[in-house]
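Colleague: I'd like a close look at a single part of this model, namely the biggest pocket and the framework around it. Please spell out your cut-offs as you go.

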Amino acid sequence: MKLKAVKEILDANIVVGEEKLDMEVSTAFGADLLSDVMAFAKAGSILLTGLTNSQVVKTAATRNIAAIILVRGKEPSTEAIEMAKELHIPILTTRYILFETAGILYSQGIVGCLKKV
């Protein structure tokens, strides 16, 4: 699925990375603990999170995350926006909670980046 379809499905706003809306994505991972992102998120996945600081962008970059979707109507910090621009990582925001965001994406064919740990 293209990132622009994800944007539409989640009624999301794009903060950074409009030029990457044609990117294909097929997996996602949701977490608010960066240690979980480091341990379990897979390259090419969408990261669903409520974290808004620059550290989440750094962590996403180290895991080669395709895009970050901020849930619960959260907005990224200025530092996170600047870092995402530098690292070419799209950030989108949605008003859905994490659980609903994951469920909506799953119902549309996006699967978890792993089944069990």
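Modeller: I'll start with the ground rules, then go through the pocket, the strands beside it and a few residues further out.

This is a predicted model, so local features need pLDDT of at least 70 and side-chain atom pairs count only at pLDDT 80 or more, while totals for chains, interfaces and linings use all residues. Residues are numbered from 1 along each chain as its sequence is written, and side-chain values use heavy atoms, with hydrogens and water left out.

The largest pocket holds about 260 Å³ of space. On a 1 Å grid over the protein atoms alone, a pocket is an open set of points where a 1.4 Å probe fits, with protein on both sides within 12 Å along at least five of seven lines; a lining residue has an atom within 4 Å of a point. Points are joined across faces, edges and corners, and the volume is the space filled by probe spheres set on them.

Who lines the pocket? The residues are A28, F29, G30, L48, A102, L105, Y106, I110, V111, G112, L114 and K115. Two or more of them come from each of β2 (27–30), α5 (98–107) and β6 (111–112). These labels are DSSP runs numbered from the N terminus: helices are H or I with at least four residues, strands E with at least two. By class, the lining has 9 nonpolar, 2 polar and 1 charged residues. Here Ala, Val, Leu, Ile, Met, Phe, Trp, Tyr, Cys and Pro count as nonpolar, Asp, Glu, Lys and Arg as charged, and the others, Gly among them, as polar.

Now for the strands. The open sheet has 6 of them, in the order β1-β5-β4-β3-β2-β6, with mixed pairing. β1 and β6 are the edge strands, each pairing on one side only. Pairing requires DSSP to find at least two bridges between the strands. The pocket-lining residue A28 is a handy landmark: it stands opposite G112 in β6 and opposite I46 in β3. β2 pairs in the parallel sense with β6 over 2 bridges, and with β3, again parallel, over 3 bridges.

In a regular strand the side chains alternate between the two faces of the sheet. β3 (residues 46–49) is covered on both faces, with I46 and L48 buried on one side and L47 and T49 buried on the other. Buried means under 20% relative accessible area, exposed over 50% and partly exposed in between (1.4 Å probe, protein chains only).

L48 leads us into α5. T101 lies in that helix and counts as buried because its relative accessibility is 0%. Leaving aside neighbours within four places in sequence, T101 is in contact (heavy atoms within 4.5 Å) with L10, L48, V71, T94 and Y96.

T94, in turn, is found in the loop between β5 and α5, and counts as buried because it is at 1% relative accessibility. Its touches, not counting residues up to four places away in sequence, are L10, A12, I69, L70, V71, R72, G73 and T101. A polar atom of the T94 side chain lies 2.8 Å from the backbone oxygen of L10 and one lies 3.4 Å from the backbone nitrogen of Y96.

At the other end of α5, Q108 is found in the loop between α5 and β6. Q108 counts as partly exposed because its relative accessibility is 45%. Beyond its neighbours within four places in sequence, Q108 is in contact with M1 and I9.

Some backbone angles are worth a glance too. D11 isn't a glycine, yet its phi is positive, about 50 degrees; D11 lies in the loop between α1 (3–9) and β1, and at 62% relative accessibility it counts as exposed. N64 has a positive phi near 55 degrees and is found in the loop between α3 and β4 (67–70).

Methods. A polar contact is a pair of N or O atoms within 3.5 Å; within protein, one must be able to donate a hydrogen and the other to accept it, and residues adjacent in sequence count only if both atoms are side-chain atoms.
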